[in-house]
Amino acid sequence: MIRPRNPFVIGRYVGPEYFCDRVEETRTLKHHITNGRNVVIMSERRLGKTGLIEHCLNQADIQSEYYCFFFDIFAAHSMREFVCELANEVFRKLAPTKKSILLTVSSFLRSLQTTFSIDPNSGVPQMNLSLGDIEQPETTLDELLAMLEAADRPCIIAVDEFQQIAQFEENNVEAILRTKIQHLKNVQFIFAGSKKHLLEEIFDNPSRPFYNSVVFMQLQPIDQEVYVQFCQQLFGAYHKVIDEALIRHAYRYFGGVTWYLQLFMNEAFGTTDRESSITDSSFDEVLQHLIDTKRFSFEESYARLTEKQKAVIRAMAAEYPKSVLPTSKDFILTYKLKTASIVQTALKGLEDKGIIQHNGETRQITDLLFAIWLKQRMG
């Protein structure tokens, strides 16, 4: 593996050297997998569930003993889109490793209206699958699962943002998936998501099909002491120095949320020259640069809101970093939001746009940098 120029890599997993901690979580997840359990991983957004899954699936013993597939359905709205994502991931992962994959896929996936070919340079099979190629999603799903059931190794399918199935166009998706999954012997599932209340409703409600079918894992922030050591080691490996106080300042400011810490450290590392150091005095400068790089998109997002949504989101930003109960009488009176019904309507619109999210009984702005920008904007 080529050494990254900046060890605080954003948006992808590059190896265990650049992955912080999660030793116990990795051990627990591997334990469940190797014992044939289906798992649900819940966490706040950007706390590191995707990284944990990738880290676990990239362990040498898992790679040698299982076929692993991981896809995200955050943007999916139907069973057809779900099946399309799964089919593309299965083919993408298997094609380079199994030279007979073309014959295997062709024999199983008879319902697909697509063409298969061989790359003349690499000899690797190719499949260009689009939504239009899937005329019978349930049939294609049956064929995919049958193919994996017949594989020469156990298979692990990890689905990120699984709670999205509750929003699918079809009404019976949970029942369909549960019926198919419960009979599989060679395929296990990891279901991950960031909306705890929706996942609990799917998997912990006795009246729902997936009830009592999984083991739960809930991620917490990485321990601050572990994260401090991790950052100092990575800076040191590149002959740079970071002040411990700066790491702790960032950890407290972002509440230990992994993605924002990684983004902050990426920027801090990039502003530090080789054989140089960065101290806590640079915190505001690094933070402001991160906000400035997203200012245009923040302005666009804010401009698209209704006036009532703007009023509610400004009030929530004023309370940052606290989560709030925006329908409470005190909150409405403090920020002059008129009535609870008006606030509820605004909240529904903001949730639909993904701008706010539930945090237990309270709500918070999804993008912490957006919350900081709004707070700054209000002076």
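**Long-range contacts and salt bridges in a predicted chain**

Among contacts in the chain between residues at least 6 apart in sequence, 72% join residues at least 24 apart. The model is a predicted one, and its secondary structure comes to 17 helices and 11 strands. The structure holds 22 salt bridges, several of which are described below after the overall dimensions and the surface.

**Overall dimensions**

- The radius of gyration of the chain is 23 Å, which agrees with the value near 21 Å that a compact globule of 379 residues would have.
- Taken along its principal axes, the C-alpha trace of the chain spans about 65 × 60 × 40 Å.

**Burial, surface and charge**

- Of the 379 residues in the chain, 49% are buried, while the area that the chain exposes is about 18,700 Å², with carbon and sulfur atoms supplying 48% of it.
- The chain carries 42 positive and 48 negative side chains, and the centres of these two sets lie 3 Å apart.

**A salt bridge within one helix**

- In helix H1, which covers residues 23-34, Glu24 and Arg27 lie 3 residues apart, or about one turn of the helix, and their side chains meet in a salt bridge with an N to O distance of 2.4 Å.
- Glu24 counts as partly exposed because its relative accessibility is 47%, and Arg27 likewise counts as partly exposed, with a relative accessibility of 47%.

**A salt bridge between two helices**

- The side chains of Lys180 and Glu138 form a salt bridge, with 3.3 Å from N to O.
- This pair links distant parts of the chain, since Lys180 belongs to helix H7 (residues 173-181) and Glu138 to helix H6 (residues 137-149), with their positions 42 residues apart in sequence.
- Lys180 has a relative accessibility of 14% and therefore counts as buried, the cut-off for burial being under 20%, whereas Glu138 is partly exposed, with a relative accessible area of 38%.

**A salt bridge between exposed residues**

- Arg274 and Glu275 form a salt bridge in which the closest N and O atoms are 4.0 Å apart.
- Arg274 is exposed, with a relative accessible area of 53%, and Glu275 also counts as exposed, at 59% relative accessibility; the cut-off for an exposed residue is over 50%.

**A salt-bridge network**

- Arg46, Lys294 and Asp367 are joined to one another in a network of salt bridges.

Technical notes:
Residues numbered from 1 in each chain as written. Predicted model: local features only at pLDDT ≥ 70, side-chain atom pairs only at ≥ 80, totals over all residues. Heavy atoms only, no water. Helix = DSSP H or I, 4+ residues; strand = E, 2+ residues; numbered from the N terminus. Buried < 20%, exposed > 50% of the residue type's maximum accessible area, 1.4 Å probe, protein only. Rg over C-alpha atoms; globule rule 2.2 N^0.38 Å. Contact = heavy atoms within 4.5 Å. Areas by Shrake-Rupley, 256 points an atom, 1.4 Å probe, with all protein chains shown as cover. Lys, Arg positive; Asp, Glu negative; His and termini not counted. Charge placed at Lys NZ, Arg CZ, Asp CG, Glu CD.
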